[in-house]
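Here are my notes on the model you sent over. Have it open while you read, and follow along point by point.

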Amino acid sequence: MKKLLAYLSLIVPQSLLTTKYLLERIPLLAADPSTCDHEWDVVASISSTVELQVQCRKCAIYSEIPDPTEQEWDASYGAMATPYPWEEKSRIRHYQANGPIH
Ligand SMILES: [Zn+2]
């Protein structure tokens, strides 16, 4: 349990670590990224490369969305504090560090 909490504290802002949040997330950390049917949340905007960063809410891996529209870029401003779902899976570019693309 302590190890899980330490892991969570690395990937989410401290302000989100409420009990409810932890209870929702802990079972989901068990998902295997290689078999996961990813469901993405926009979690950040990367201003250096103008890309949106997304994270799978089931297995917690990260990927990115290149070339967001102006509206999408503006909408991502608050994503770090308030992640929101991303539905267009075809536009997601998977990070190679996470293994083979499925
Ligand atoms: Zn996933």
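**Notes on the sheet and its core**

1. Let's start in the middle of things: Leu52 sits opposite Ile65 of β3. The strands involved, β2 and β3, run antiparallel and are paired through five bridges. They make a hairpin with five residues between them, and Ala60 in that turn has a positive phi of about 75°.

2. Keep in mind that this is a predicted model. The chain's average pLDDT is 81, with 64% of the residues scoring at least 70. Among the elements, β4 has the highest mean, 97, while helix α2 (residues 19-25) has the lowest, 60, so go easy on reading much into that helix.

3. On to β1, which is joined to β2 by six antiparallel bridges. Ala44 faces Gln53 of β2. This hairpin has four residues between its strands, and Val50 there takes a positive phi near 50°.

4. Now zoom out. The open sheet has five strands in the order β4-β1-β2-β3-β5, paired antiparallel. β4 (84-86) and β5 (93-94) are the edge strands with a single partner each, so one side of each has no neighbour in the sheet. For β5, two bridges link it to β3 (residues 62-66), and Ser63 has His94 as its bridge partner.

5. What about the inside? The largest nonpolar core has eight residues: Trp40, Val42, Val43, Leu52, Val54, Cys56, Ile65 and Trp86. β1 and β2 each supply at least two of them. Five of the six residues of β2 are buried, so that strand is largely enclosed by the rest of the structure.

6. Finally, click on Trp40: its contacts include Val54, Cys56 and Trp86, along with Pro85, Lys89 and Ile92.

Conventions
Residues are numbered from 1 along each chain as its sequence is written. This is a predicted model: local features need pLDDT of at least 70, side-chain atom pairs count only at pLDDT 80 or more; totals for chains, interfaces and linings use all residues. Two strands pair if DSSP finds at least two bridges between them. pLDDT is the predictor's confidence in each residue, from 0 to 100. A nonpolar core is a set of buried Ala, Val, Leu, Ile, Met, Phe, Trp, Tyr and Cys residues joined through C-beta atoms within 7 Å. A residue is buried if 20 or more other C-beta atoms lie within 10 Å of its own, exposed if 12 or fewer, and partly exposed in between; C-beta atoms are placed from the backbone. Two residues are in contact if their C-beta atoms, placed from the backbone, lie within 7 Å. Lists of a residue's contacts leave out its neighbours within four places in sequence.
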